[in-house]
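Let's take a friendly walk through a protein model, one piece at a time. Have a look at the structure first, then read on.

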Amino acid sequence: MKKIMISQPMRGKTNEQIKKEREQLVKEIENNGDIVLDTVFDTAPKNVDEPIYYLSKSIEYLAQADVVFFMKGWEKARGCKIEHEVAVEYGKEVIYEN
């Protein structure tokens with residue numbers, strides 16, 4: 001059983017849209033007996049730079065992940081690119097959506 005983090009472009013999308021985009025992937029991962037680390041966060045504290053706050057939270061989850069799955073478009077999303085750099089530099093297994 002592996003812990004898998006999903007990295008996907010999120011800018012300008014609601015949490016509902018994000019969850020809908022990853023819904024099938026989450027089902028496949030869970031049907032395979034693995035665990036998806038939920039990195040869709042609801043709220044940030046007041047008076048913070050929200051994108052940086054959410055990125056810092058996702059990196060916390062990346063530390064727990066065995067595998068990071070990068071959804072289509074990750075290479076154009078600044079947060080995903082940073083997550084990718086961290087994953088590669090720290091030897092995480094990475095998978096790319098075709």
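## Starting with the pocket

Sort the residues lining the largest pocket by class and you get 13 nonpolar, 7 polar and 7 charged ones. Keep in mind that this is a predicted model. The largest pocket holds about 650 Å³ of space. Of its 27 lining residues, those closest to the centre are M10, R11, P51, Y54 and G79. Which elements give two or more residues to this lining? They are β1, α1, α2 and α3 (78–89). Helix α2 supplies the largest share, with 6 residues.

How does anyone find empty space in a protein? Rolling a probe the size of a water molecule over the atoms shows where empty space is left.

## The sheet and its helices

Now for the strands. Four of them make an open sheet, in the order β2-β1-β3-β4, and the pairing is parallel. At the edges sit β2 (35–37) and β4 (93–96), each pairing on one side only. On average, neighbouring strands of this sheet are turned by 30 degrees against each other, ignoring direction. As a general point, strands of a sheet pair through backbone hydrogen bonds, either parallel or antiparallel.

Zoom in on one pair: β1 (residues 3–7) and β3 (residues 67–70) run parallel and are joined by 4 bridges. One residue to look for is M5, whose bridge partner in β3 is V68.

Two helices go with this sheet. Helix α2 packs on the sheet and touches β1, β2 and β3, while helix α1 lies across β1, β2 and β3. Here is how each one is directed relative to β1:

| Helix | Residues | Angle to β1 |
|---|---|---|
| α1 | 15–31 | about 165 degrees |
| α2 | 50–64 | about 150 degrees |

## Two residues to find

Try T39, in the loop between β2 and α2. Is T39 buried or exposed? Its relative accessibility is 4%, and buried means under 20%, so T39 counts as buried. Leaving aside neighbours within four places in sequence, T39 is in contact with M5, I6, M10, R22 and Y61. You've met two of these already: M5 is the bridge partner of V68, and M10 is one of the residues closest to the centre of the largest pocket.

Then there's E89, in helix α3. With a relative accessible area of 57%, E89 is exposed, because the cut-off for that word is over 50%. E89 and Q8 are 81 residues apart along the chain, and their C-alpha atoms are separated by 19 Å.

Technical notes
Residues are numbered from 1 along each chain as its sequence is written. This is a predicted model: local features need pLDDT of at least 70, side-chain atom pairs count only at pLDDT 80 or more; totals for chains, interfaces and linings use all residues. Side-chain values use heavy atoms; hydrogens and water are left out. Two strands pair if DSSP finds at least two bridges between them. Axes are lines fitted to C-alpha atoms, for helices over the stretch in contact, and angles run from 0 to 180 degrees between N-to-C directions. Contact means heavy atoms within 4.5 Å. On a 1 Å grid over the protein atoms alone, a cavity is a set of points where a 1.4 Å probe fits but cannot get out, and a pocket is an open set with protein on both sides within 12 Å along at least five of seven lines; lining residues have an atom within 4 Å of a point. Grid points are joined across faces, edges and corners, and a volume is the space filled by probe spheres set on the points. Ala, Val, Leu, Ile, Met, Phe, Trp, Tyr, Cys and Pro count as nonpolar, Asp, Glu, Lys and Arg as charged, and the others, Gly among them, as polar. Buried means under 20% relative accessible area, exposed over 50%, partly exposed in between (1.4 Å probe, protein chains only).
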